[in-house]
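Trainee: I would like to learn how to read a model of this kind, one feature at a time. Where do we begin?

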2 protein chains.
Amino acid sequence: MSFFVGVDLGGTNIVCGLLDEEFNVLAKSKQPTEAAKGSDYVLEKIAVMVETLLREQNIAPEQLKAVGIGTPGFIDPVRGVCVFASNLRWNEVPVSDQLGARLGVPVFIDNDVRMYVYGEAMKGPGRGYEHVLGITLGTGMSAGLVNNGQLYYGGGFMAGEIGHIRVDDAESTPCGCGLVGCLETIASASGIVRQVREALAAGRESILGQWFPGEEAASVTAADVSRAYDEGDRLAIEVMNHTGKLLGRGLSYAVTMYSPDALIIGGGASLAGERLFKPMREELQKSVYKGYWERLTIHPGTLIDDGGVIGSAAFAANRAAGIV
Amino acid sequence: MSFFVGVDLGGTNIVCGLLDEEFNVLAKSKQPTEAAKGSDYVLEKIAVMVETLLREQNIAPEQLKAVGIGTPGFIDPVRGVCVFASNLRWNEVPVSDQLGARLGVPVFIDNDVRMYVYGEAMKGPGRGYEHVLGITLGTGMSAGLVNNGQLYYGGGFMAGEIGHIRVDDAESTPCGCGLVGCLETIASASGIVRQVREALAAGRESILGQWFPGEEAASVTAADVSRAYDEGDRLAIEVMNHTGKLLGRGLSYAVTMYSPDALIIGGGASLAGERLFKPMREELQKSVYKGYWERLTIHPGTLIDDGGVIGSAAFAANRAAGIV
């Protein structure tokens, strides 16, 4: 029996998961990242977490076949290098070489969104489809594409930054990327919240203004907007409809370029469900050639908590086996 | 020495080219397609054209290693079947099997745009780049993507129908695909001409109206619009600027999804050159994350006449060699 470890490495916490050959999560552990202590410290902490997981589950070290790590930032998955990760303050950290030498197993690293999508493609609703497009609607918005078990990277491993397309010239919110009116300024958890806060600040009537009077508006979340939507709040409904529509338009470009069989929508804001998916589907159907629409299946992400861990482990398993 | 044949199979003419191992065109022949006589007739005609080319160039049949065919329509390149080609009136024609058995060499078939882009990637300005995106601006607008010598297909071999994205809600021309306001209703040779004709019909002043008075407007070409542009004609300049801008916006989506290293712009309307490319580049730069822009090189297509023949032959050579 072989085992794999998937690591979800964030700026705040490290989550390690031990998985079997079918990518079931057998055990997990969580530790603060303590990124300020530097990459050597963090990688050693991961190594100890991996060893502890194996020991606690009575698994011999030689049964561990590969470790996968997903982390936000700019990753070179071929060299196994974290080129730049702002939340870790890492520059050119040779994660695969360093951790691989320490643990004595192959270690693979990739962007957290691609790892998440890989997990949904292997173990979530994307399973069984040849071409899986996944997006995450969280603080930002990003995408990953898996074709027959292979991630699509494009030049510089940069393909799929769908959050940074411009879909509506009336939108003019500056984006962290340097552009103006990027899709993720709308279609993300942060984007939904920003729209609501701006409307409240402009004096717009809403139950959200009653729930979060004055400066409390700063603590509105996307989940609160869903609650207000269910109360029939016009502002919440408008924001969800607008967000869904622009999301659908943005997805129409991705669907046309990639021709996926399955589209998976994950990330915190995806929990809005049909409130967001209905206007999204309507706009998407109106905006793509029917040949794409007819073959497309749309699924909410299902690996809410464990997507990164499962995806990282599955990616590492397939890379180690030479499948991808 | 090995040789390859590339076939550009259109509704009107068949062009066959004989190529050496470096994909130089050694000889070409051209015959009317006579599609009305059916697929058996057309495939036999191609077989005779291939045999004649070899004989005339004193090449032994066994030196021919593969034949590639590019044709408009919906192709299954894996099965080697022309699933549907409206201009040939072909349905489910097993081109690879039938012509391969007749000629005794491997025969490969794909969509004409993908073959053209493959040619530009192998023998045109895309040579040496890992990720090559090519578009054609002709009667329609389409794209092909070549990653490390491999065409990207997506589900149903449909990826990249960039002509059928919606980039501007103010555009409302019905498209043959069933949608409204598709990019190819603007950014194509036909789209440029349509914009000019509609403006003339609406009474718009233009030197084109003097050159093509009354019903003669029906014979305006994209090349005429370039000529008028060079005379300082305001309508022609407006049409080129608008077309270039929407083209740039459309390309921003393709560039974000694919992250290409090289973008190649071919097809008849690409002969407008900087008249179209300048507004296109300006909009593209404004609409993509700078990481994409900085790595992107933009090239006019160079294989104007022979792109289909070269691409088909190169594709067949690489498929036969198991490279792709």
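Mentor: With strands. Two strands count as paired if DSSP finds at least two bridges between them. Keep in mind that this is a predicted model. In chain A, A:Leu19 has A:Val25 in β3(A) as its bridge partner.

Trainee: How many bridges join β2(A) to strand β3 of chain A, and in what sense do they run?

Mentor: Seven bridges join them, and the two strands run antiparallel. β3(A) covers residues 25-32. Five residues lie between β2(A) and β3(A) in a hairpin, and in its turn A:Phe23 has a positive phi of about 60°.

Trainee: What does β2(A) do on the side of β1(A)?

Mentor: Strand β1 of chain A, residues 3-9, pairs with β2(A) in the antiparallel sense over six bridges. This is also a hairpin, with three residues between the strands. A:Leu19 in β2(A) stands opposite A:Phe4.

Trainee: Is strand β2 of chain A mostly covered or mostly open?

Mentor: For burial, the cut-off is a relative accessible area under 20%. Strand β2 of chain A, residues 13-19, is mostly covered, with six of its seven residues buried.

Trainee: How is helix α3 of chain B placed, enclosed or open?

Mentor: Helix α3 of chain B spans residues 112-122, and 10 of its 11 residues are buried, so the rest of the structure largely encloses it. Among the buried residues are B:Arg114 and B:Glu120, along with B:Val113, B:Met115 and B:Tyr118. At the start of this helix, a side-chain oxygen of B:Asn111 comes to within 2.7 Å of the backbone nitrogen of B:Val113.

Trainee: Now the two chains. How do I express the extent of their contact?

Mentor: The size of an interface is often given as the accessible area lost when the parts come together. Here chain A and chain B bury about 3000 Å² between them, and 57% of it is on carbon and sulfur atoms. Of the area that chain A buries against chain B, 23% is supplied by A:Arg166, A:Tyr253 and A:Met257, more than by any other three residues. Counted by residue, 35 from chain A and 36 from chain B take part in the contact.

Trainee: How many residue pairs are in polar contact between chain A and chain B?

Mentor: There are 24 such pairs, with both residues at pLDDT 80 or more. On the side of chain A that touches chain B, the elements giving two or more residues are β10 (141-147), α7 (234-258), α8 (274-287) and α9 (290-295) of chain A. The largest share, six residues, comes from α7(A). By class, that side of chain A has 16 nonpolar, 11 polar and eight charged residues.

Trainee: And salt bridges? Which distance decides?

Mentor: The test is a side-chain nitrogen of Lys or Arg within 4 Å of a carboxyl oxygen of Asp or Glu. The whole structure has 38 salt bridges over all chains, and two are counted between chain A and chain B. In one, A:Asp169 meets B:Arg249 at 2.8 Å, N to O. A:Arg249 also forms a salt bridge with B:Asp169, with the closest N and O atoms 2.7 Å apart. That pair crosses from helix α7 of chain A to the loop between β11 (150-151) and α4 (189-201) of chain B.

Trainee: Are A:Arg249 and B:Asp169 buried or exposed?

Mentor: A:Arg249 counts as buried, at 4% relative accessibility. B:Asp169 counts as exposed, at 52%.

Trainee: Which residues are linked with A:Asp169 and B:Arg249 in a network of salt bridges?

Mentor: The network links them with A:Arg166, B:Glu283 and B:Lys286.

Trainee: How should I read a salt bridge inside one chain?

Mentor: Look at where the partners sit in the sequence. The side chains of A:Asp261 and A:Arg295 meet at 2.5 Å, N to O. A:Asp261 is in the loop between α7 and β12 (262-266) of chain A and A:Arg295 is in helix α9, so the salt bridge ties together parts 34 residues apart in sequence. A:Asp261 is buried, at 7% relative accessibility, while A:Arg295 is partly exposed, at 31%.

Trainee: What about partners in one helix?

Mentor: An α-helix has 3.6 residues a turn, so residues three or four places apart point the same way. B:Arg194 and B:Glu198 lie four residues apart in helix α4 of chain B, about one turn. Their side chains form a salt bridge of 3.0 Å, N to O. B:Arg194 counts as buried at 17% relative accessibility, and B:Glu198 as partly exposed at 45%.

How values were computed: Residues numbered from 1 in each chain as written. Chains lettered and ligands numbered in written order. Predicted model: local features only at pLDDT ≥ 70, side-chain atom pairs only at ≥ 80, totals over all residues. Heavy atoms only, no water. Contact = heavy atoms within 4.5 Å. Buried area = accessible area lost by both parts, 1.4 Å probe. Polar contact = N/O pair within 3.5 Å; in protein donor to acceptor, adjacent residues only side chain to side chain. Nonpolar A, V, L, I, M, F, W, Y, C, P; charged D, E, K, R; others polar. Buried < 20%, exposed > 50% of the residue type's maximum accessible area, 1.4 Å probe, protein only.
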